[in-house]
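Biologist: I'd like to learn how to read a protein model feature by feature. Could you walk me through one?

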Amino acid sequence: KNSCCAHCLRGKMSAAPALKRQACLAQQLSGIVVVDFGHYVAGPLVGRLLADQGAEVIKIDPPDGPRWHSEANRTLNHGKHMMQLDLKTPAGLRQIRQLL
């Protein structure tokens, strides 16, 4: 890790370079791919936090869309790639296996 990240993690950066710290933390998970099958709040929130830290998050929803219809979905799914797949079909399972 570079010195910026080490300082960020130790909390030694002052408030002045807050944007630099935010940019540094936003890339901590760069190169990591996460497949998000979560519904409701807890699962999608974790995916959002991982995306905020630089992970590539692929959100999988059923063919008819999210099970939970709420304005919160826009916030919870921010920064994710969205896919609708039917995991009960051979074609849907093939596509998921390619992601994993």
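Modeller: We'll start with the overall layout and then look at the sheet, a helix, the core and the salt bridges.

Modeller: First, some ground rules: this is a predicted model, where local features need pLDDT of at least 70 and side-chain atom pairs count only at pLDDT 80 or more, while totals for chains, interfaces and linings use all residues. Residues are numbered from 1 along each chain as its sequence is written, and side-chain values use heavy atoms, with hydrogens and water left out.

Biologist: Okay. How many helices and strands does the protein chain have?

Modeller: Helices (H or I, at least four residues) and strands (E, at least two) are DSSP runs, numbered from the N terminus. Here the protein chain has five helices and three strands, and reading along the sequence gives the pattern α-α-β-α-β-α-β-α.

Biologist: What order do the strands take in the sheet?

Modeller: Two strands pair if DSSP finds at least two bridges between them. In this model the three strands make an open sheet in the order β1-β2-β3, with parallel pairing. β1 (33-36) and β3 (80-84) are at the edges with a single partner strand each, so one side of each has no neighbour in the sheet. From one strand to the next, the twist averages 20 degrees. Now zoom in on one pair: β1 and β2 (residues 56-61) run parallel and are joined by four bridges. For Val-35, the bridge partner in β2 is Ile-58.

Biologist: And which helix packs on that sheet?

Modeller: For packing we look at contact, meaning heavy atoms within 4.5 Å. For directions, axes are lines fitted to C-alpha atoms, for helices over the stretch in contact, and angles run from 0 to 180 degrees between N-to-C directions. Helix α3 packs on the sheet and touches β1, β2 and β3, with its direction at about 160 degrees to that of β1.

Biologist: Which residues of α3 are buried?

Modeller: Buried means under 20% relative accessible area, exposed means over 50%, and partly exposed is in between (1.4 Å probe, protein chains only). In α3 the buried residues are Pro-44, Gly-47, Arg-48 and Ala-51. Looking down the axis of α3, they fall within an arc of 100 degrees, so they line one face of the helix. That arc is taken from the directions from the helix axis to the C-beta atoms. The cover over these buried residues of α3 includes β1, β2, α4 (72-76) and β3. Just after α3, you can also spot Gly-54, with a positive phi of about 105 degrees.

Biologist: What about the inside of the protein? Which residues form the largest nonpolar core?

Modeller: A nonpolar core is a set of buried Ala, Val, Leu, Ile, Met, Phe, Trp, Tyr and Cys residues joined through side-chain atoms within 4.5 Å. The largest one here has five residues: Val-35, Ile-58, Ile-60, Leu-85 and Ile-96. Take Ile-58: leaving aside neighbours within four places in sequence, its contacts include Val-33, His-81, Met-83 and Leu-99. As for β2, five of its six residues are buried, so the strand is largely enclosed by the rest of the structure. Over the whole protein chain of 100 residues, 28% count as buried.

Biologist: Is Asp-64 buried or exposed?

Modeller: Asp-64 is exposed, at 67% relative accessibility, and you'll find it in the loop between β2 and α4. For contrast, try Asn-73 in helix α4: Asn-73 is buried, with a relative accessible area of 16%. Setting aside neighbours within four places in sequence, Asn-73 is in contact with Pro-66 and Trp-68.

Biologist: Last one: how many salt bridges are there?

Modeller: A salt bridge is a side-chain nitrogen of Lys or Arg within 4 Å of a carboxyl oxygen of Asp or Glu. By that rule, the count is four. One of them links Arg-48 to Asp-52, with the closest N and O atoms 3.0 Å apart. Both residues lie in helix α3 (residues 42-52), four residues apart, or about one turn of the helix. Asp-52 is partly exposed, at 36% relative accessibility. Another salt bridge joins Asp-61 and Lys-59 at 3.2 Å, N to O, and both of these residues are buried. Arg-74 and Glu-71 form a salt bridge too, at 3.5 Å between the closest N and O atoms; here Arg-74 and Glu-71 are both exposed.
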